[in-house]
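Colleague: Hi, I'm new to this one. Could you walk me through it while we look at it together?

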Amino acid sequence: MFFKLKPPYALRGWEKMAWVLVKRPYNRIRCLSQTEFEALVLCDGETELTADLLDEQMQEVLKDFETRGIIESSSHAQPLQDDQYYRYYPNRYVRSVFWSITGRCNYRCRHCYMDAPGAAMGELSTEAALNLIDQMADCGVLRVDLTGGEPFVRKDFWQLVDRILFHKMTIGQVYTNGWLLNDSMLDEFERRNLKPEFSISFDGVGWHDWMRRVTGAEEAALRALRLCRKRGFPANAEMCIHRGNQDSLPQTVRALFEAGITSLKTGNVSLTELWRANSEGNELTQKEYVEAMLRYIPQYFADGIPMNILLSGVIYLHPDKTYSIVAERYNETEDCLECQLCGSARWSCYITPEGRLLPCMPMTACSEQVQFPLVQEIGLKKGLSDSFYMQFVDRRVKELFNVNEECAACPYRLRCGGGCRANALLEGEHDLMGADRSMCFLWKRGYVEKIREVTDRAIAEYNGSKESL
C-alpha cells in the first residue's frame with residue numbers, strides 16, 4: 001500500500017517551527033506533531049507502507065489524514081510533485097510580508113508617512129524588486145501583501161505579481177486609494193485566480209477629497225468599493241480621524257456599508273512632519289481623539305449597522321455586541337512577561353520602498369528606523385535569522401521592564417505589557433524601549449474604565465430598546 005500527499009498540500013519547516021503542512025493556493029498552514037510529520041513524510045507516493053513499518057499510532061494518524069482528504073492511498077507507486085516534498089528554511093517563519101512596492105503615488109495626501117508625491121523613499125528597480133521576491137521564496141514566505149505609495153502606479157506591477165505567483169506565494173491584501181482600480185484591473189487578478197482583499201482609504205463623507213488633495217477622490221473610493229462588492233472581491237476601509245471629520249463617522253459608516261463594506265478601521269492621524277505642515281489646525285490630541293470615539297460608541301449600537309469597527313487605540317466593536325478594549329493586552333498575570341514585545345512583528349514584517357526591513361509601517365516615520373537592516377545589504381534570509389530586526393522580534397516584555405524603570409514600576413504593567421513600540425518611537429522619548437505614552441494616557445487617566453462603562457451602557461440601552469419593541 002502506498003500513501004500520497006494530495007496536490008493542494010506541501011510539507012515545510014522553518015527555524016523553531018520545523019513541522020508544517022501547507023495547503024495551496026492560499027497557503028494556509030497547520031503545525032504538526034512529530035508523529036504527524038513523520039507519517040506525512042512517508043506519504044511520498046513511493047514508499048510502500050507495510051504493516052511492520054507502521055505502529056498502531058501511526059496507522060491511526062494515517063487513517064485520520066485520509067479521512068480529512070489530506071492523503072490518498074494507492075496500490076502502485078506514484079511520486080509527488082516537486083513542490084510537495086519537505087523543504088526546510090533556516091530562517092524564522094513569517095506569516096506574511098507587507099511590502100511597499102513604491103513610494104510614488106497619484107495623490108498628494110496631507111499626512112503621508114513617506115511623502116509619496118515626491119517619492120521620498122523611492123522604489124526598487126524592476127530587477128531589484130524581482131530579486132527581492134526570489135529572496136522571499138527562498139525564505140519560505142507564503143503570503144505577500146502589497147501597498148505603496150499607490151501600488152498600481154508601478155508599470156511593472158503585473159510582472160511583480162506574476163513573479164510572486166511563480167513561486168506559489170499568494171497575495172492576501174492590496175492597499176490602494178482606489179482611483180486606478182477598475183474592471184480591467186480586477187479581470188487581471190481573476191485571470192490569475194487571485195481574489196485579494198482590497199483595503200481602501202476613505203477619510204469621511206465630505207472630507208476625503210480634502211485629506212487626499214485630489215478632486216473626485218471620495219467618489220473614486222466609493223466607486224472602487226462598490227465595484228469590489230459587485231465582482232465578489234473582499235474589501236475593507238480605513239479612515240483617518242481628525243478635527244474636521246470626527247463627527248462625520250456615523251454618516252461615513254452608513255455610506256461605506258451601502259457600498260458593501262463590513263469592516264472599518266479608524267485611527268487618529270499620526271503627527272508626521274507632513275501632517276503638521278498641512279493639517280490646517282485639524283490635528284487632534286490623543287484626549288480629543290479618544291473623547292470623539294467615546295461619543296461615537298453609543299451611536300454605533302443605536303445605528304445597528306452590521307459592521308466590525310476597530311477604533312484604533314480604543315476598542316474593537318462587533319455587530320454581535322461583543323467588544324475588546326485595545327489597551328487590555330494581557331490578563332494581569334506574570335504570564336505576559338514571556339510574551340514577545342511585539343506579537344505582530346513575530347508573524348509579519350514590513351519592507352519599505354527602499355528595501356528596509358521593519359516591524360511595521362508606522363516606523364517609517366521614525367528616524368530610528370535606520371537601526372533596521374536594508375535587505376539589499378544583508379539579504380532577507382539574514383534579515384529573518386540574524387539581524388537587528390530579529391533581535392527586536394525576540395525581545396520579551398520582561399526585557400522592557402528590565403531597562404525601563406517607569407514601565408516596571410507601573411501598576412498597569414501586567415495589563416499593558418509596555419504597549420506599542422512604534423508609538424514609543426513616535427511619541428515621548430522616541431526610544432524603542434521607551435514608554436508608549438498613548439497607553440499610559442488610557443490607563444493612568446482612567447480611560448480604560450471609561451471605555452468599558454460607555455460601551456456596557458450603550459449595549460444595555462440597545463438591548464432595552466430592542467426588548468421594548
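**A chat about the structure**

Modeller: Happy to! Let's start with Asn177, which touches Cys105, Asn106, Tyr107, Glu150, Ile200 and Ala221, leaving aside residues up to four places away in sequence. Keep in mind that this is a predicted model.

Colleague: Thanks. Where does Asn177 lie?

Modeller: Asn177 is in the loop between strand S10 (170–176) and helix H5 (183–191).

Colleague: And is Asn177 buried or exposed?

Modeller: Asn177 counts as buried, because its relative accessibility is 8% and the cut-off for buried is under 20%.

Colleague: Which backbone atom does the side chain of Asn177 reach?

Modeller: The backbone nitrogen of Trp179, at 3.0 Å from the Asn177 side chain.

Colleague: Let's go to the interior. How many residues does the largest nonpolar core have?

Modeller: That core has 102 residues, and Trp99, Met136, Phe189, Phe198 and Leu311 have the most contacts inside it. Helix H10 (residues 286–303) gives the most to this core, with nine residues. Apart from it lies another core, of 19 residues, including Cys43, Leu49, Ile70 and Leu80.

Colleague: Is there a general pattern behind cores like that?

Modeller: In soluble globular proteins, nonpolar side chains tend to be buried together.

Colleague: You mentioned Phe189. What is Phe189 in contact with?

Modeller: Phe152, Phe157, Trp158, Val174, Leu194, Pro196, Phe198 and Phe233, leaving aside neighbours of Phe189 within four places in sequence.

Colleague: What about Thr266, is it buried or exposed?

Modeller: Thr266 is buried, with a relative accessible area of 1%. You'll find Thr266 in strand S13 (residues 263–268). Not counting residues up to four places away in sequence, Thr266 touches Met239, Ile241, Leu249, Tyr289, Met293, Leu310, Leu311 and Ser312. Leu311 also appears among the residues with the most contacts inside the largest nonpolar core.

Colleague: Switching to charges, how many salt bridges are there in the whole structure?

Modeller: A search finds 33. One of the pairs is Arg30 with Glu36, where the closest N and O atoms are 2.9 Å apart. Arg30 is partly exposed at 24% relative accessibility, while Glu36 is buried at 16%.

Colleague: Got another pair?

Modeller: Sure, Glu354 and Arg356 meet in a salt bridge through their side chains, at 3.6 Å from N to O. Here Glu354 is partly exposed, with a relative accessible area of 29%, and Arg356 is buried, with 10%.

Colleague: Which residue meets Lys444 in a salt bridge?

Modeller: Glu406, at 3.7 Å from N to O. Glu406 lies in helix H16 (residues 405–409) and Lys444 in helix H19, so the pair ties together parts that are 38 residues apart in sequence.

Colleague: What else does Lys444 touch?

Modeller: Besides Glu406, Lys444 touches Cys410 and Tyr412, not counting residues up to four places away in sequence. The C-alpha atoms of Lys444 and Pro411 are separated by 9.3 Å, and those two residues are 33 apart along the chain. Helix H19 itself covers residues 437–444.

Colleague: And why does Lys444 count as partly exposed?

Modeller: Because its relative accessibility is 46%, and partly exposed runs between 20% and 50%. Glu406 is partly exposed as well, at 34%.

Colleague: Which residues are linked in a network of salt bridges?

Modeller: Asp183, Asp187, Glu190, Lys195 and Arg231.

Colleague: Now the backbone. Which residues does a cis peptide bond join?

Modeller: Arg24 and Pro25 are joined by one, with omega about 0°. Pro25 is in the loop between strand S3 (17–23) and strand S4 (28–31). Gly148 and Gly149 are also joined by a cis peptide bond, with omega about 20°. Gly149 is in the loop between strand S9 (143–147) and helix H4 (157–166).

Colleague: What is phi of Asn193 like?

Modeller: It is near 55°, a positive value in a residue other than glycine. Asn193 lies in the loop between H5 and strand S11 (197–201), and is exposed at 67% relative accessibility. Glu280 also has phi near 55°; Glu280 is in the loop between helix H9 (273–278) and H10, and is exposed at 59%.

Colleague: Last one: which residues form a nonpolar patch on the surface?

Modeller: Trp19, Tyr86 and Tyr88, with about 290 Å² of accessible area together. Of these, Tyr86 is in the loop between strand S6 (71–74) and strand S7 (87–92), and is partly exposed, with a relative accessible area of 33%.

Methods
Residues are numbered from 1 along each chain as its sequence is written. This is a predicted model: local features need pLDDT of at least 70, side-chain atom pairs count only at pLDDT 80 or more; totals for chains, interfaces and linings use all residues. Side-chain values use heavy atoms; hydrogens and water are left out. Helices (H or I, at least four residues) and strands (E, at least two) are DSSP runs, numbered from the N terminus. Buried means under 20% relative accessible area, exposed over 50%, partly exposed in between (1.4 Å probe, protein chains only). Contact means heavy atoms within 4.5 Å. Patches are made of residues with over 30% relative accessible area and no salt bridge: like charges are joined within 9 Å, nonpolar side chains (Val, Leu, Ile, Met, Phe, Trp, Tyr) within 5 Å. Accessible areas come from the Shrake-Rupley method with a 1.4 Å probe; for residues, only the protein chains shown count as cover. A salt bridge is a side-chain nitrogen of Lys or Arg within 4 Å of a carboxyl oxygen of Asp or Glu. A nonpolar core is a set of buried Ala, Val, Leu, Ile, Met, Phe, Trp, Tyr and Cys residues joined through side-chain atoms within 4.5 Å. A polar contact is a pair of N or O atoms within 3.5 Å; within protein, one must be able to donate a hydrogen and the other to accept it, and residues adjacent in sequence count only if both atoms are side-chain atoms.
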